[in-house]
Amino acid sequence: MLISTYTTELVRLSCGSQSDSKDLVIYLERDISEVIPYLNTVFEGFQYTKEPRSVSFRLNGKLVVVHPRKICVSAPGDRVDAQNISEWLREKINDIWERKDQIQPRFENPSSPKVLEILRFLPKTNCGLCGEKTCTVFAAKVSKGDRGPRDCTPLTAEQREKLVKYLGRFNFG
Ligand code: SF4
């Protein structure tokens, strides 16, 4: 088992979040550097650092940053929530470590959102309400971070949620 015991602490702004709420820091009893590239694959990390190794990803709207000896989670809620998140992460990371032979580790950052992927979430009516001539032009601007999901008003709530989630993999949106 990679992670068996750990300790936790709720501290203010240790994970770089912008809110006033406290962040959760999980201190690990041993170095888990080797599993980090596998977490980058499974959790679709948007920021991977080679040295010192770390990965950042979003989990149910929370920012999670995994370092070799600690894990930071932004705004986890109260102590009970923090404990539940800690335990869930422990089990999930142990499971990923057990299954690492079936997972392709990723040692780099994702490039950037793909225009065709963004287009999949758009209405594709070329209505022009966003000020662009076509949805493809709009998607190309979104892929560069120049436009965002809110700029396409005909998007349904479901489409917008999916697009935000996709862009979140790249820390866009
Ligand atoms: S507002 Fe949305 S649907 Fe209309 S052209 Fe722009 S991207 Fe396409």
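In helix H5 of this predicted model, the buried residues (under 20% relative accessible area with a 1.4 Å probe, protein chains only; exposed means over 50%, partly exposed in between) are Leu 163, Tyr 166, Leu 167 and Gly 168. These buried residues of H5 pack against strand S4 (54-59), helix H3 (115-121) and helix H4 (135-143), where contact denotes heavy atoms within 4.5 Å. Helix H5 comprises 12 residues (157-168), and because the expected span at 1.5 Å a residue is 16 Å, the distance of 16 Å between its end C-alpha atoms agrees with expectation; the expected value is 1.5 Å times one less than the number of residues. Residues are numbered from 1 along each chain as its sequence is written, local features need pLDDT of at least 70, side-chain atom pairs count only at pLDDT 80 or more, and totals for chains, interfaces and linings use all residues. Side-chain values use heavy atoms, with hydrogens and water left out.

The chain contains 5 helices and 6 strands, taken as DSSP runs numbered from the N terminus (helices H or I, at least four residues; strands E, at least two). Along the sequence these elements follow the pattern β-β-α-β-β-β-β-α-α-α-α. The C-alpha trace spans about 55 × 35 × 25 Å along its principal axes. Of the 173 residues in the chain, 40% are buried. Among contacts with a separation of 6 or more, 56% involve residues 24 or more positions apart.

The ligand is surrounded by Pro 123, Thr 125, Asn 126, Cys 127, Gly 128, Cys 130, Cys 135, Phe 138, Cys 152 and Pro 154, each with a heavy atom within 4 Å of the ligand. This shell divides into 7 nonpolar, 3 polar and no charged residues; Ala, Val, Leu, Ile, Met, Phe, Trp, Tyr, Cys and Pro count as nonpolar, Asp, Glu, Lys and Arg as charged, and the others, Gly among them, as polar. The ligand sits in the largest cavity. A cavity is a set of points, on a 1 Å grid over the protein atoms alone, where a 1.4 Å probe fits but cannot get out, and a molecule sits in it if more than half of its atoms lie within 2 Å of its grid points.

Asn 126, one of the residues around the ligand, is found in the loop between H3 and H4. Its phi is near 55°, a positive value in a residue other than glycine, and its relative accessible area of 41% makes Asn 126 partly exposed. Asn 60, in the loop between S4 and strand S5 (62-66), likewise has a positive phi, of about 50°, but is exposed, with a relative accessible area of 79%. Most residues other than glycine have a negative phi, and most peptide bonds are trans. The peptide bond from Glu 51 to Pro 52 is cis, with omega near -10°; Pro 52 is located in the loop between strand S3 (47-49) and S4.

Two further loop positions were examined. Asp 31 is placed between strand S2 (22-28) and helix H1 (36-42) and counts as partly exposed because its relative accessibility is 41%. Beyond its neighbours within four places in sequence, Asp 31 is in contact with Pro 68 and Arg 69. The C-alpha atoms of Asp 31 and Pro 68 are 5.0 Å apart, although 37 residues separate the two in sequence. Gly 148, in the loop between H4 and H5, is buried at 17% relative accessibility. With neighbours within four places in sequence left aside, Gly 148 is in contact with Phe 138 and Val 142.

How values were computed
1 Å grid on protein atoms, 1.4 Å probe; cavity = no way out; pocket = protein on both sides within 12 Å on 5 of 7 lines; lining within 4 Å.
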